[in-house]
Amino acid sequence: MVLVLAGLYVPIALIATSFCGVWAIKGSPILAGKMLGLAVNDSIASYYFGIIPLFVLMGFLVAESDLGQDAYDVANAVLGRLTGGLAMGTVGANAIFAAITGISIASAAVFTRVAVPEMVRHGYTRRFAVGVVAGSSVLGMLIPPSLLLILYAVLTEQSVGDLFLAGIVPGLLLATIFCLLIMAMIILRPSFTGKHDHSATKKETALSIARKAFPILLLIVCVLGGIYGGVFTPVEAGAIGCVGAFILGLAKRKLTLRRLRVVLLETGIITATICFLIIAAQMYSRMLAFSQVPQEFGALIAGSDMGFLPVLLLYLLAVILLGMILDSSSIMLIMVPIMLPILAQLNVDLIWFGILTVVAVEMGLLTPPFGISVFVIKATLNDPSVGLGEIFAGAFPFALSMLIAVGLLIAFPGIATGILTLSP
């Protein structure tokens with residue numbers, strides 16, 4: 001943490017600390033260097049790491065194909081006439097978009113362009129409009145496919161398919177909480193939200209809704225339906241999703257050679273970044289294993305009268321506080337390896353714990369000073385009259401409401417794990 005706060009990149013800080021830690025424990029820099037080499041090879045040599053570039057590529061292809069606009073039109077047509085319908089339509093569109101991308105940043109960028117101008121034109125305040133987009137963008141890392149769930153699966157050696165399945169109900173629950181929050185804010189705080197002018201709502205025919213919804217549903221069914229039905233593996237699902245998104249982009253005449261070049265470059269950059277983080281996390285995990293500190297800590301807690309709930313609450317508090325200074329993947333890479341031996345001692349369900357961790361981690365996307373979704377919205381909006389403080393203020397109620405989802409998941413673990421008992 002000292003190195004990170006001093007300005008060093010998180011993976012470099014993890015590698016440097018791990019190298020020095022093993023050197024101190026074993027007394028040999030040569031052994032520490034060999035451990036680094038093994039970590040590099042073992043971290044990304046697995047066939048299943050192919051899932052990372054494939055789902056990243058699919059997400060960018062979908063974003064470039066303007067399916068976000070289609071999802072927004074469909075959700076608005078269904079919800080637009082309700083109190084706060086346009087804002088709830090933005091949440092619904094984000095949920096749909098999350099099911100075909102899995103990248104929160106992509107959701108924030110797409111719906112800043114698509115939803116914010118429409119919401120402002122329909123009478124909502126700009127602060128509320130950007131807050132809705134920022135808040136609902138976190139659904140991209142919870143509703144499958146999710147890069148954060150993939151990363152958690154790698155760290156804990158859990159099934160990607162099971163984590164995807166477990167993320168569905170909590171994702172829909174969080175979207176429902178956001179919609180109820182929007183309705184309550186519009187009724188109780190109209191000065192904050194503004195008022196929706198229903199007369200300006202765009203009219204959509206049943207045929208146009210079906211035309212826009214069909215490609216999205218087809219892609220979701222092919223990717224997620226194939227995984228849950230056991231037709232193909234998550235890696236194969238990513239490949240099929242890429243092909244489907246590529247064909248849709250060509251059919252909509254949105255995917256030009258220039259855009260495709262940008263998509264491939266962005267995919268390469270993000271894939272390399274994630275792999276570098278995973279390598280660092282593997283070194284960190286091995287150093288912790290050498291030190292025996294987490295194992296001893298886990299045995300201490302298991303043998304004490306403290307119980308799991310206080311430990312869990314302290315962990316979640318640490319995760320939420322770290323969200324103010326670190327990005328989501330870095331928090332997970334630092335905190336999860338520390339908790340794994342403790343969870344093993346207490347026989348905690350790692351699937352449930354993963355969903356709970358993702359919800360807590362995603363709060364960091366909305367909290368200052370880091371709040372990466374807020375910065376993405378600010379950059380995409382490119383409006384000097386809208387400051388970061390205004391976007392953070394709009395997003396704050398959504399970050400706060402995520403605590404409700406955390407509480408419900410703790411009180412009722414079946415929200416995450418119940419669906420696994422129904423799967424074949």
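**Entry 1: helix α20**

I began with the bend in α20, where a kink of about 35° lies at A395, shortly before the proline P397. The model I am reading is a predicted one, and I keep that in mind for every value noted here. I then checked the span of α20, which runs over residues 388–411: from the first C-alpha to the last, its 24 residues reach 35 Å, close to the 34 Å expected at 1.5 Å a residue. Looking up burial along α20, I found A395 and P397 both on the list of buried residues, which also includes I391, F392 and G394 as well as F398, A399, M402 and L409.

**Entry 2: the largest pocket**

Next I asked how much space lies in the largest pocket, and the answer is about 1,200 Å³. I listed its lining, which is made up of 44 residues, and noted that F60, I103, I105, I270 and I372 lie nearest the centre of the pocket. By class, the lining divides into 30 nonpolar residues, six polar and eight charged.

Which helix gives the largest share of this lining? I found that α14 does, with eleven residues. Other helices that each supply at least two residues of the lining include α2 (10–26), α4 (51–64), α7 (104–121) and α9 (147–156), and I also noted α17 (328–346) and α19 (372–381) among them.

**Entry 3: the salt bridge in α7**

I searched the whole structure for salt bridges and recorded one. The partners are E118 and R121, whose side chains meet at 2.9 Å, N to O. Both residues lie in helix α7, three residues apart, about one turn of the helix. An α-helix has 3.6 residues a turn, so residues three or four places apart point the same way. I also looked up the accessibility of the two partners: E118 counts as partly exposed because its relative accessibility is 24%, and R121 is likewise partly exposed, with a relative accessible area of 49%.

**Entry 4: helix α6**

For α6 (residues 85–101) I compared the span with the expected value, and they agree, because the 17 residues should span 24 Å at 1.5 Å a residue and the end C-alpha atoms are 24 Å apart. I then counted burial in α6 and found the helix mostly covered, with 16 of its 17 residues buried.

**Entry 5: three exposed positions**

I looked up L180, which has its place in helix α10 (residues 160–188). Is L180 buried or exposed? It is exposed, because its relative accessible area is 55% and the cut-off for exposed is over 50%. I also took its separation from T83: the two are 97 residues apart in sequence, while their C-alpha atoms are 10 Å apart in space.

I turned to E157, found in the loop between α9 and α10, and noted its positive phi of about 60°, although E157 is not a glycine. The relative accessible area of E157 is 72%, so I entered the residue as exposed.

Last, I checked G303, in the loop between α15 (293–302) and α16 (308–322). G303 counts as exposed, at 67% relative accessibility. Its C-alpha atom is separated by 9.8 Å from that of L346, and the two residues are 43 residues apart along the chain.

Technical notes. Residues numbered from 1 in each chain as written. Predicted model: local features only at pLDDT ≥ 70, side-chain atom pairs only at ≥ 80, totals over all residues. Heavy atoms only, no water. Helix = DSSP H or I, 4+ residues; strand = E, 2+ residues; numbered from the N terminus. Expected span 1.5 Å × (residues − 1). Bend = angle between axes of the 7 residues up to and from the residue. Buried < 20%, exposed > 50% of the residue type's maximum accessible area, 1.4 Å probe, protein only. 1 Å grid on protein atoms, 1.4 Å probe; cavity = no way out; pocket = protein on both sides within 12 Å on 5 of 7 lines; lining within 4 Å. Points joined across faces, edges and corners; volume = space filled by probe spheres on them. Nonpolar A, V, L, I, M, F, W, Y, C, P; charged D, E, K, R; others polar. Salt bridge = Lys/Arg side-chain N within 4 Å of Asp/Glu carboxyl O.
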